[in-house]
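Reader: Kindly examine the structure shown here and discuss its charged side-chain pairs.

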Amino acid sequence: MGRWVDDWAQLGRCATDDPDALFVPGKDQRTAKLVCRGCPVVAECLADALDNRTEFGVWGGMTERERRALLRRHPDVDSWKSLFAQAKEAELPAVAAG
């Protein structure tokens, strides 16, 4: 899984794609989400969108509706970045032992 990346935007699978492809309505969002599969910085992207309450587009493999639902279910999370970074770092020993 790797370490947390603060400057993640240039490392995303979508970095070389048409950015408008991630800002589509309705069922087209399912197709847009496929870009996120296997992305090395999907957690960083999602954390950024959640922490900044990004309203539009697919970020970190989630639509705006999915992100709103997640935020409603977890109003106690102050920093998604910290939460995801801790989880990512916790997985390192298991991956290294492999």
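The following exchange concerns salt bridges and side-chain exposure in this predicted model.

Reader: How many salt bridges does a search of the whole structure find?

Author: Side chains of opposite charge can pair when their charged atoms come close. The criterion is a side-chain nitrogen of Lys or Arg within 4 Å of a carboxyl oxygen of Asp or Glu. Applied to the whole structure, the search yields a total of four.

Reader: Arg3 and Glu89 meet in a salt bridge; how many residues apart in sequence are the parts that this pair ties together?

Author: The N to O distance between the side chains of Arg3 and Glu89 is 2.7 Å. Arg3 belongs to the segment before helix H1 (28-34), while Glu89 sits in helix H4 (residues 80-97). The pair therefore ties together parts whose separation in sequence is 86 residues.

Reader: Is Arg3 buried or exposed?

Author: The class "exposed" requires over 50% relative accessible area. Arg3 has a relative accessibility of 57%. Its partner in the salt bridge, Glu89, is partly exposed at 30%. Arg3 thus counts as exposed.

Reader: Which residue forms a salt bridge with Asp6, and in which helix does that residue lie?

Author: The closest N and O atoms of the pair are 2.9 Å apart, and the partner of Asp6 is Lys81. Asp6 lies in the segment before H1, so the pair ties together parts that are 75 residues apart in sequence. Asp6 is exposed at 58% relative accessible area, whereas Lys81 is partly exposed at 38%. The residue is Lys81, and its helix is H4.

Reader: Where in the chain are Glu44 and Lys88, and how many residues apart are they?

Author: The side chains of Glu44 and Lys88 meet in a salt bridge with an N to O distance of 2.7 Å. This pair links distant parts of the chain. Glu44 is in helix H2 (residues 42-51) and Lys88 is in helix H4, at a separation of 44 residues.

Reader: Are Glu44 and Lys88 buried or exposed?

Author: A residue counts as buried under 20% relative accessible area. Glu44 has a value of 1%, and Lys88 has a value of 3%. Hence Glu44 is buried, and Lys88 is likewise buried.

Reader: What is the distance in space, C-alpha to C-alpha, between Ser82 and Val42?

Author: Ser82 is placed in helix H4 and is partly exposed, with 37% relative accessibility. In sequence, Ser82 and Val42 are 40 residues apart. In space, their C-alpha to C-alpha distance is 15 Å.

Technical notes
Residues numbered from 1 in each chain as written. Predicted model: local features only at pLDDT ≥ 70, side-chain atom pairs only at ≥ 80, totals over all residues. Heavy atoms only, no water. Helix = DSSP H or I, 4+ residues; strand = E, 2+ residues; numbered from the N terminus. Buried < 20%, exposed > 50% of the residue type's maximum accessible area, 1.4 Å probe, protein only.
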